[in-house]
Amino acid sequence: MDEEAAPKRDKNGPKFHCLPHSTQGSARMGTRKKVHTFVRVKPTDDFAHEMIKYGDDNKSIDIHLKKDTRRGVVNNQQTDWSFKLDGVLHNASQDLVYETVAKDVVAQALDGYNGTIMCYGQTGAGKTYTMTGTTENYKHRGILPRALQQVFRMIEERPTHAITVRVSYLEIYNESLFDLLSTLPYVGPSVTPMTIVENPQGVFIKGLSVHLTSQEEDAFSLLFEGETNRIIASHTMNKNSSRSHCIFTIYVEAHSRTLSDEKYITSKINLVDLAGSERLGKSGSEGRVLKEATYINKSLSFLEQAIIALGDQKREHIPFRQCKLTHALKDSLGGNCNMVLLTNIYGEAAQLEETLSSLRFASRMKLVTTEPAINKKYDAERMVKNLEKELALLKQELAIHDSLANRTLVNYDPMDEIQIAEINSQVRRYLEGTLDEIDIINLRQIQEVFNQFRVVLSQQEQEVESALRRKYTLIDKNDFAAISAVQKAGLVDVDGHLVGEPDGQGFGLGVTPFSAKPGKKSKSKKTFKEQLSSSARKEGASSPVSGKELDVSTSKTQLTPSSKEGDVKDMTIRERETSSIEPLPSDSPKEELRPPRPSTPPPKPVAFEDFKNERGSEINRIFKENKSILNERRKRASETTQRINAIKREMDVTKEALNFQKSLREKQGEYENKGLMIIDEEEFLLILKLKDLKKQYRTEYQDLRDLRAEIQYCQHLVDQCRHRLLTEFDIWYNESFFIPEDLQVALKPGGSIRPGMVPVSRIMSLGEDAQDKFSQLQQVLLPEGPDSVAFYNAKVKTEQKVTWGFMSPGSPGQGLPAGDNVSMGATMNRRQGTEDHMQLRQS
Ligand code: ADP
Ligand code: MG
């Protein structure tokens, strides 16, 4: 991999340093961290001083290779390398090695960071010595026991956390996985071979035993158990221990003891003792050794490939799954771990080639950057407990708020079926108009109200649709067979237009006979054709029939003074339907009662007068009533004021007279009897009169105060009525003069839209297409009877459901609410409780 080395020159001739300072990793993100690489040189008496030199800061190794004389004088072979590292450990004690290499990684693992420490190098260079150390001599113990010690020491220092430690010991030999702790009595032999499994939480080895250790001693005995097994296996299974990779993993999980926090941290420390890295061929191996070497070379070269990929910021795919080693270490190489590579080398000249190879590996590893991150997890059980606690607390708080706001018996629990049914009924009554408002109780109830609105609405939609389907047959415009059948029957012409009957005996429109109508200005029945021509004549309207003509109103507000309310109430729908199919002569005199809509709307003041007699009559009556009560109260107040003033004047006069009497008495000399003043009759009467006046004054004054309060209240009602009257007028004005007549049918009582529900702008903005469709439908299809117009109106509206929804047809609350079903009684003289009952509509 010499291409990685950038030339380095000094006075001794050409020199190469293996790794130029890479800025790739650190430049990308501030939190990125390079893999720490250290070199440990195995102590030797035969150190190659001329060939191996350390930098002054002990952070680089320069290698100088003597010229190969066998290759002749002309020799371009590279002879000098310089490797930048994070530290060179020469003749370093196990203690120093641990301090330099592992201490920080282990410490950070307790804060939630994963850590990986790997020993790489040729066989015999000291990997196992570094990692495990000698088990006989405590002083020479390696990273593994020291790491366990540090972990338990740190746990002792953190009494605020409940920290658990688990360990596992995995060996990979010839691409097979072995559990070095499977011999423990409680583990039992594994039935299925171990496999590497990936899940969102990371990589784990299925079948590998993981052991909970509560203290240092347990952990050590597990370590020795594994080490012993490793040695035994090297004999019984003829395994060469230096030909296998060993991964000792410490799993840490820390929960806070003080905070009832559902968050907790986990981490794992992978301590990896890699197999010898020496290349095949050099040892001239054969047979089993060859197989081992092949596997090792393969896995180490896959490790190298993964590391090269990890070091290349442009690479997206890292080939982790090429071998067991890289696959098992997938989430421990690079990624979010703290990573350290310790390269063990010989310091002897004979091993220089392998040393070079190991240092190259180290320098490649140095290119890799990681992004250490804390592994935060959530304890679901604790989270539920905390949320339950919080919920209880909030409920208590709510209860306090409710009692402060004098709201009792508010239930915040989920609603039961009965409560939901009650809300459903409220919503229905609201839509019908028999309920003016739905009291807000809490959020849950508001949500349920909306929910029930949807339920009721969709039910009504279905009802309307099925009612229509029961009565009419819809012919699809694209259903040519059906259309041609209709054409054959002579009902429509080839263009789909209705074939009219010249003598007016064709299909009449559903027009209620006048007698059945509640005394309203209504057109009489005409044949469809007649209506078509007459409406075209009158206003040149695009729609063939005015929706108003189909209206049968049950609403009081639509009544003129001559209305026959009884007729309306008694008339059943059946009657309306049967009567509607009978065509009436076209020259019905009643036609004049309903004047056609003027081409220009009347001025508002004029229209307002009409409105007050028509739809607004009821509200206007109430308005007037309220106003007269207000005026009456005002009058009474002013009378009372006058009386009070009169009383006051008389009181003043009386007081003056009394004072005069008193002064007279004083002049004449006073009489006293047993401590009581003797006064004459005149003075006595004056006193009585003053007392009486005072009493009157107080009563009248009290009355005046009450009257004023009533006036204020009454004024409020009058204002509200006025506002309501004007609002209703605006709606009426728009609906009467601006909304296309063919759409007005929907706005009529019994139509599908409650007046005022749809802003006029929305109706006016009905798309061209929808309008076209509407009139086409009307023209094409009237095979089932004149009432089909309503059906097609409904169809058009169904298609426009996006704009507005259906309401129940003929529900009593439609149109302006009639006084007897939606009025809210507001008693003016609540103290007196009897007189002057005012009516007010809630707007
Ligand atoms: P590897 O695991 O790399 O094949 P070992 O760790 O087994 O090599 O080391 C081979 C031999 O060298 C062992 O007997 C070990 O005790 C010894 N050894 C290695 N490194 C050192 C060192 N730094 N100090 C003392 N002895 C060492
Ligand atoms: Mg070893």
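A salt bridge, as counted here, is a side-chain nitrogen of Lys or Arg within 4 Å of a carboxyl oxygen of Asp or Glu. Helices are DSSP runs of at least four residues, numbered from the N terminus. With those two ideas in hand, let's look at this predicted model.

**A pair along one helix**

Start with Lys648 and Asp652, which form a salt bridge with their closest N and O atoms 3.4 Å apart. These two residues sit four residues apart in helix H17, so about one helical turn separates them. Lys648 is partly exposed at 36% relative accessibility, and Asp652 is partly exposed too, with a relative accessible area of 32%.

**Pairs that link distant parts of the chain**

The structure holds 27 salt bridges. Side chains of opposite charge can pair when their charged atoms come close. Such partners can also come from distant parts of the chain, as with Arg665 and Glu683, whose side chains meet at 2.6 Å, N to O. Arg665 belongs to helix H17 and Glu683 to helix H18, with their positions 18 residues apart in the numbering. Are these two buried or exposed? Arg665 has a relative accessible area of 13%, which is under 20%, so Arg665 counts as buried. Glu683 is buried as well, at 4%. Elsewhere, salt bridges that share partners join Glu632, Arg633, Arg636 and Glu710 into one network.

Asp111 and Arg158 make another salt bridge. This pair also links distant parts of the chain, 47 residues apart: Asp111 lies in the loop between helix H2 and strand S9, while Arg158 lies in the loop between helix H4 and strand S10. Both residues are partly exposed, Asp111 at 35% and Arg158 at 22%.

Here are the three pairs side by side:

| Salt bridge | Closest N and O atoms |
|---|---|
| Asp111 and Arg158 | 3.0 Å |
| Lys648 and Asp652 | 3.4 Å |
| Arg665 and Glu683 | 2.6 Å |

**A positive patch**

Where do charges of one sign gather on the surface? Lys655, Lys691, Lys694 and Arg698 form a patch of positive charge there. Helix H18 (residues 681–737) gives the most to this patch, with three residues. Lys655 lies in helix H17 (residues 617–668) and is partly exposed, with a relative accessible area of 40%.

**A region from the record**

Finally, the unreviewed UniProt entry places a coiled-coil region at residues 377–404. In the model, this stretch is 89% helix and 7% strand, and its end C-alpha atoms are 41 Å apart.

Notes:
Residues are numbered from 1 along each chain as its sequence is written. Chains are lettered from A and ligands numbered from 1 in the order in which they are written. This is a predicted model: local features need pLDDT of at least 70, side-chain atom pairs count only at pLDDT 80 or more; totals for chains, interfaces and linings use all residues. Side-chain values use heavy atoms; hydrogens and water are left out. UniProt positions are given in the numbering used here, feature names are shortened, and annotations may be inferred rather than shown by experiment. Patches are made of residues with over 30% relative accessible area and no salt bridge: like charges are joined within 9 Å, nonpolar side chains (Val, Leu, Ile, Met, Phe, Trp, Tyr) within 5 Å. Accessible areas come from the Shrake-Rupley method with a 1.4 Å probe; for residues, only the protein chains shown count as cover. Lys and Arg count as positive and Asp and Glu as negative; His and the chain ends are not counted. The place of a charge is taken as NZ of Lys, CZ of Arg, CG of Asp or CD of Glu. Buried means under 20% relative accessible area, exposed over 50%, partly exposed in between (1.4 Å probe, protein chains only).
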